[in-house]
Amino acid sequence: MALSFSVLAGAIRRIWAKSGEGFGHGLLAHMLDVAAVVETILAREPESSRCWIARELGLPPAQVVRWIAFLIGLHDFGKSIPGFQLKWLEGWQCLQLLGLVADKFSAAMTQHAPASAALLNPLLGRREVADAAWLRHVLQAISAHHGYNFTQSQINEARPVNEGRGWSEARQGLFDAYFAFLAPQGVPNVEELSLPAVQWLAGLTSVSDWIGSNPDWFPLGERCDDLGDYYADALRRAATALDAVEWPRYRTLLPEPLPLDTLIGRIIGRQGVAARPLQQRAEQLLAGGRGPSLLLVEAPMGEGKTELAFLAHLYLQAANQHRGLYVAMPTQATGNALFQRAVTFLRSFAADAPLDVQLVHGGAALNEQIAHLRGIAGTPGEDVTSSSWFSQRRRPLLSPYGVGTVDQALFAALNVKHHFVRLWGLGNRVVILDEVHAYDLYTGTLIEQLLRWLKAMGSSVVLMSATLPAARRNALLRAWGIGESAIPAQPYPRLMLADDRGISGASCESRPLAPIELRAVGEDLASLAACALTNLESEGCGAIIVNTVDRAQALYRMLQSSVDDSTVLMLFHARFPADQRGEIETAVLKAFGPQGTRPQRALLIATQVAEQSLDFDADVMLTDLAPVDLLLQRAGRLHRHQRARPKDHCVARLYVAGLGAAQLPDLRTTAWEFVYSPYILGRTWAFLRGEAELHFPRDIDRLVQTVYGDVPLPDEVPEAARRYIDGKASEDHQGKQQAMRQLATHVAIDPADEPQSAYLNKHFGFEEGEEGIGLPNRTRLGGDSVTLVPVHDTPEGWRVIMDGEVFDPRQPVTDALAKALYARQIKTSRPDLVRHFQAADNPEAFAGHPLLRHLKPLRLVDGNVQIGKLTVCLDDELGLIYQRNAPASEDEK
């Protein structure tokens, strides 16, 4: 017999899920809408995704889609409690007329999400679905759709008691009608679910609810009387909704094999190129791969690792039906730099099918590449676009293709709101983690936990580094399940592939580079300035990389008075407003980049932001002492591009500040010890003092493993320095390393935990840059930070720039003005500034706009502001200046 709304009891039809005109939107109708979205999403995902969850649920693949749709559609069943129904007066009055009432106690219980799990367990148990652990795990998943997993005690507390008459009968009738219509076949043949399966279901529940709750796609009311007709209409609307958000249907980028040289040419957008030895060896490893894999690539800078990673995605996606690709970079700047290369790659393989690609980090809204992609959506001939629906908070990783920061992926393993949405997006995907040497042990431990999640969810991973210490390499492989005794000993450059067969390794030849002369220079700024001027006396383009913004600003000031107009002097660090920093980055690339116009004489003064984010090339380089792996990264910018060199710079030279001192340089006066571990700085100093030349690639692995390993210090190291490095510096380093690992282990969620206990000791948290319950869950160690927007406070009102438009901070701002303010942001973790601005209320201009509500205005009068004993100035050439000495922090880089 056909089921219809009109034959149901009035109370069943009028229990509402969405308020609105008339009777709003009934709970049964909403449940069917969301179930239809689930089926439509899964139809567009690869078969491998459906097979993975089928195995997790113990169901045949042919039955699993209806089962998942049925279960997820029940997510809002807890809205059928008196406390929730009382939230809408008109709807409540209708229910009262139908005989449903509430007493004071039941009216106070309003949390419908945990109530769904509490109410459904006995109802499903009576439907020949065993009251087993798997059912409780499913209910944990679908009840988490507002952002967090509930514990079993929280679910039990949400069970309504002392309800008025009729509620239980109405709920039973609602459930019976839903079950009778969607009744899935079979029963899951599994005792309990893994935590990855629970979070996969939780992620799909939230996403389907977001889409199924949009009245533009699913208008309120009983759109058809017959439930079959209603569901068919919901399926059509779900397809329209997914088309509107540009949710693509799965397709592989490599439907048929192609020669390697052809693939590499298409990846870089230039035909007629030959694959490099590293890429050839990688292809040989991947060709025989079986199942989701971990590929570890250690090779020098400039050997084509990025192209190799894209190549790996093509092979791994074709072999495993991975849904897409995410490239995780250390910083926003490195993500920005790689984004266009990823778009070029995707366009080469998209053919006529549209693909969505997202730039995934907090500053993506400002990126002109993204604005262009969104602007050309639907234009004939353009097959790669960027959907604005996917770009909203917590959604970018749902898009099959993305480039962004590692932090956005790491939030998937932390108990932040809707972390399981990120996990769902990363599941069954190829994830590339570049520059894996670039993180401290805290973030590195979170990456290990992320690797465990990715393996459990059927993803493949590519790890890349030029300078990876052996201990970090082994820890990453252990996270993938490879025992240390199984790790093959491979010479550098090396590749390792772990898949269903085990682990195998390979090595290859790397093109030898001309030697780099290694020289010492004093650590004081005057010595750095004099050395730079001497080296650029005739001509050439040089770079000085220092460890703090204060040193960069002071050195820039010193050099301003020493160079004439024939020398282009540039300053680049993280303490410029974001829009100005982008302009400086563009100017640096024009002068120092591969396609830039080379000045006759130029000098770039920069902090560490340049060593990762910029593809720049220097004729000569000076650098502060830094850990050996970072010094080698900086050295990789010397003679990086093929070009004619000035006659004085035919040989590459790297000057390291403090390297030639008889004793270890003063790490406190230079503030180096506040930026890097004194132990690693000391060992770098000790081992590099005896080096006259650097030979790439052979010296890269030798020096990294020596400094980060347990090789005793050279005999030539002065006794006082030896005692400090092997004594206090070593003890402090080991203590901090242990504390970082313990902290990361404590905050990360372990995919091997049982679902019901995984969150017992994990506080509710929120991402940095947003407000929420609990405490911020961090992907990087360091103090609290705050993001400031400098504004000029003038007698006429506030201005974004001194001669700009005046606006009233007490009034809401336009979207255009909000975007202009947003573009000026500067992030700082300086403690006195953080304390001051965390305690300050935002004016309406900021509090009332979604772009600005998490930012704080830095009110400048005549370019500066006094905050306690600190004077903060914004200088057009120098950026943000702090006029008081203090230890450097992360924003000093």
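In this predicted model, Leu295 of strand 3 has Leu497 as its bridge partner in strand 10. This pair belongs to a longer match, for strand 3 and strand 10 (residues 494-499) are joined in the antiparallel sense over five bridges. Strand 3 also has strand 9 (residues 460-465) as a partner, and here five bridges connect two strands that run parallel. Within that second pairing, Leu294 of strand 3 finds its bridge partner in Val461 of strand 9. In general, the strands of a sheet pair through backbone hydrogen bonds, and the pairing is either parallel or antiparallel. Strand 3 therefore offers the student an example of each sense, being parallel to strand 9 and antiparallel to strand 10.

How many of the residues of strand 3 are buried? Strand 3 (residues 294-298) is mostly covered, with five of its five residues buried. The burial extends to both faces of the strand: Leu294, Leu296 and Glu298 are buried on one side, and Leu295 and Val297 are buried on the other.

A second sheet may be found further along the chain. It is an open sheet of three strands in the order 26-27-28, with antiparallel pairing. Strand 26 (864-867) and strand 28 (879-882) stand at the edges, and each has a single partner strand, so one side of each is left without a neighbour in the sheet. On average, neighbouring strands of this sheet are turned by 20° against each other, when direction is ignored. Strand 26 is joined to strand 27 (residues 870-875) by four bridges, and the two run antiparallel. In this pairing, Gln866 stands opposite Thr871 of strand 27.

The helices come next. Helix 9 (residues 133-142) has nine of its ten residues buried, so this helix is largely enclosed by the rest of the structure. The buried residues of helix 9 are Ala133, Trp134, Leu135, His137, Val138, Leu139, Gln140, Ala141 and Ile142.

Three pairs of helices show how their axes may cross. At what angle do the axes of helix 15 and helix 16 cross? The axes of helix 15 (residues 277-287) and helix 16 (residues 305-320) come within 10 Å and cross at roughly 20°. Because angles under 35 degrees count as roughly parallel, helix 15 is described as roughly parallel to helix 16. The crossing of helix 15 with helix 16 is right-handed. Helix 15 contributes Leu278, Gln279, Ala282, Glu283 and Leu286 to the contact, while helix 16 contributes Lys305, Glu307, Leu308, Leu311, Ala312, Tyr315 and Leu316. Sorted by class, this contact of helix 15 with helix 16 comprises eight nonpolar, one polar and three charged residues. A general point helps in reading such lists: an α-helix has 3.6 residues a turn, so residues three or four places apart point the same way.

The axes of helix 3 (residues 47-57) and helix 12 (residues 195-212) also come within 10 Å, and they cross at roughly 125°. That angle makes helix 3 oblique to helix 12. The crossing of these two helices is left-handed. Trp52, Ile53 and Glu56 of helix 3 meet Pro196, Ala197, Trp200 and Leu201 of helix 12. The contact of helix 3 with helix 12 has six nonpolar residues, no polar residues and one charged residue.

For helix 28 (residues 678-688) and helix 29 (residues 698-708), the axes come within 9 Å and cross at roughly 130°. Helix 28 and helix 29 are therefore oblique to each other. Helix 28 passes helix 29 in a right-handed crossing. On the side of helix 28, the contact is made by Ile680, Arg683, Thr684, Phe687 and Leu688, and on the side of helix 29 by Leu703, Thr706, Val707 and Tyr708. By class, the contact of helix 28 with helix 29 has six nonpolar, two polar and one charged residues.

Two single residues complete the account. Ala578 lies in helix 25 (residues 578-592), and its relative accessibility of 29% makes Ala578 partly exposed. Ala578 and Val789 are 211 residues apart in sequence, and their C-alpha atoms are 9.5 Å apart in space. Is Asp565 buried or exposed? Asp565, which is found in the loop between helix 24 (549-560) and strand 14 (568-572), is exposed, with a relative accessible area of 81%. From Asp565 to Arg601 the separation is 36 residues in sequence and 9.9 Å in space, C-alpha to C-alpha.

Key: Residues are numbered from 1 along each chain as its sequence is written. This is a predicted model: local features need pLDDT of at least 70, side-chain atom pairs count only at pLDDT 80 or more; totals for chains, interfaces and linings use all residues. Side-chain values use heavy atoms; hydrogens and water are left out. Axes are lines fitted to C-alpha atoms, for helices over the stretch in contact, and angles run from 0 to 180 degrees between N-to-C directions. Angles under 35 degrees count as roughly parallel, over 145 as roughly antiparallel, 65 to 115 as roughly perpendicular and the rest as oblique. A crossing is left-handed if the near helix is turned anticlockwise from the far one by less than a right angle, and right-handed if clockwise. Contact means heavy atoms within 4.5 Å. Ala, Val, Leu, Ile, Met, Phe, Trp, Tyr, Cys and Pro count as nonpolar, Asp, Glu, Lys and Arg as charged, and the others, Gly among them, as polar. Buried means under 20% relative accessible area, exposed over 50%, partly exposed in between (1.4 Å probe, protein chains only). Two strands pair if DSSP finds at least two bridges between them.
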